[in-house]
Each structure stands twice: as C-alpha cells, then as structure tokens.
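Work through the exercises below with the sequence and the structure in view. Try each task before reading its solution.

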Amino acid sequence: MTAKVKEQKKGRIAAEINKKKKELSRLANSLFNPVGKNPYYLNRGSSSIAIKNMAELRDNLEMFTRDEALWLASWIEYLGDEETAARIRERPDKFAEIITGRHEELQEFLSVKARK
C-alpha cells in the first residue's frame, strides 16, 4: 500500500468518525435539550411529574416500574433515539440499566450550550 493510499484511507476514516460524532452530538442534544417536545408525564396517585429530558429521566428512574418501560421506549423514540427505544423494547426488564448507560454514553457529546 502506497503512502498516498494510506493517507486517503486515514482521511476516509477520519471523515466517518467526525460524521458519527456529529450524529451523536445531535442525538445527545435532542435527548438532553428536547426543544419543542412534550415531557413524559409520570402519574403517581393524585400527582404528576413532568420528565423533560434524559437527565431528569435518569434522575427519576427509581420511580418507574418495569410495566412502564414500553411507554418510556416510545417517549425516547419520540425524542429521537430509536436505538435505545429498540433496546428497551427487547429487554424491558433492563430499562433502567439501558437508560443509565445511554445517558453516560451521550453526555460527552453534548454541546457546551446544552450543558448549562
């Protein structure tokens, strides 16, 4: 393999990595700062809690039951994360672990503006 071919390959790989980072950043912002999206309303007796984003969801996971996992999957899909929604639908018994893991994974891709 010539040096030119190696450089072209490195360039393609770098472009793919940058594309993936942009996609993850866009996804992170849609989950952590969902502009124009409705919150998830968690009804408990006579009270209701509005979960507005992924951070609030993660902070309130202990309030959710396994039976609510499929509703959560639909809301997460509505926010733009089809991959996480599919994983929750496949393993509703692991929804809390899936959400916590996705939260940690995407947090580093948040724009500085969305973190504030």
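## Exercises

Glutamine 107 lies in helix H5, which covers residues 95-107. Helices (H or I, at least four residues) and strands (E, at least two) are DSSP runs, numbered from the N terminus. The model is predicted: local features need pLDDT of at least 70, side-chain atom pairs count only at pLDDT 80 or more, and totals for chains, interfaces and linings use all residues. Residues are numbered from 1 along each chain as its sequence is written, and side-chain values use heavy atoms, with hydrogens and water left out.

**Exercise 1.** Classify glutamine 107 as buried, partly exposed or exposed, and give its C-alpha distance to alanine 28.

Solution.
- Step 1: take the cut-offs. Buried means under 20% relative accessible area, exposed over 50%, and partly exposed in between (1.4 Å probe, protein chains only).
- Step 2: apply them. The relative accessibility of glutamine 107 is 33%, so this residue counts as partly exposed.
- Step 3: compare sequence and space. Glutamine 107 and alanine 28 are 79 residues apart in sequence, and their C-alpha atoms are 6.8 Å apart in space.

**Exercise 2.** Do the same for lysine 21, taking isoleucine 88 as the partner.

Solution.
- Step 1: locate the residue. Lysine 21 is in helix H1, residues 3-32.
- Step 2: classify. Its relative accessibility is 46%, so lysine 21 is partly exposed.
- Step 3: compare. From lysine 21 to isoleucine 88 there are 67 residues in sequence and 23 Å from C-alpha to C-alpha.

**Exercise 3.** Describe the surroundings of proline 92, including which residues it touches.

Solution.
- Step 1: locate the residue. Proline 92 sits in the loop between helix H4 (82-90) and H5.
- Step 2: classify. With a relative accessible area of 14%, proline 92 is buried.
- Step 3: list contacts (heavy atoms within 4.5 Å). Leaving aside residues up to four places away in sequence, proline 92 touches Arg66 and Ala69.
- Step 4: add a distance. Arginine 102 is ten residues from proline 92 along the chain, and their C-alpha atoms are separated by 15 Å.

**Exercise 4.** In which sense do strands E1 and E2 pair, and over how many bridges?

Solution.
- Step 1: check the rule. Two strands pair if DSSP finds at least two bridges between them.
- Step 2: apply it. E1 (residues 40-44) and E2 (residues 47-51) pair in the antiparallel sense over five bridges.
- Step 3: find a facing pair. Tyrosine 41 stands opposite alanine 50 in E2.
- Step 4: examine the turn. The two strands form a hairpin with two residues between them, and glycine 45 in the turn has a positive phi of about 65 degrees.

**Exercise 5.** Give the order of elements, then decide whether the protein is compact or spread out.

Solution.
- Step 1: read the order. From the N terminus, the elements run α-β-β-α-α-α-α-α.
- Step 2: compare radii. The radius of gyration is 18 Å, well over the 13 Å that the globule rule gives for 116 residues, so the protein is more spread out than a compact globule. The radius is taken over C-alpha atoms, and the rule is 2.2 Å times the number of residues to the power 0.38.
- Step 3: add the spans. Along its principal axes the C-alpha trace covers about 70 × 30 × 20 Å.
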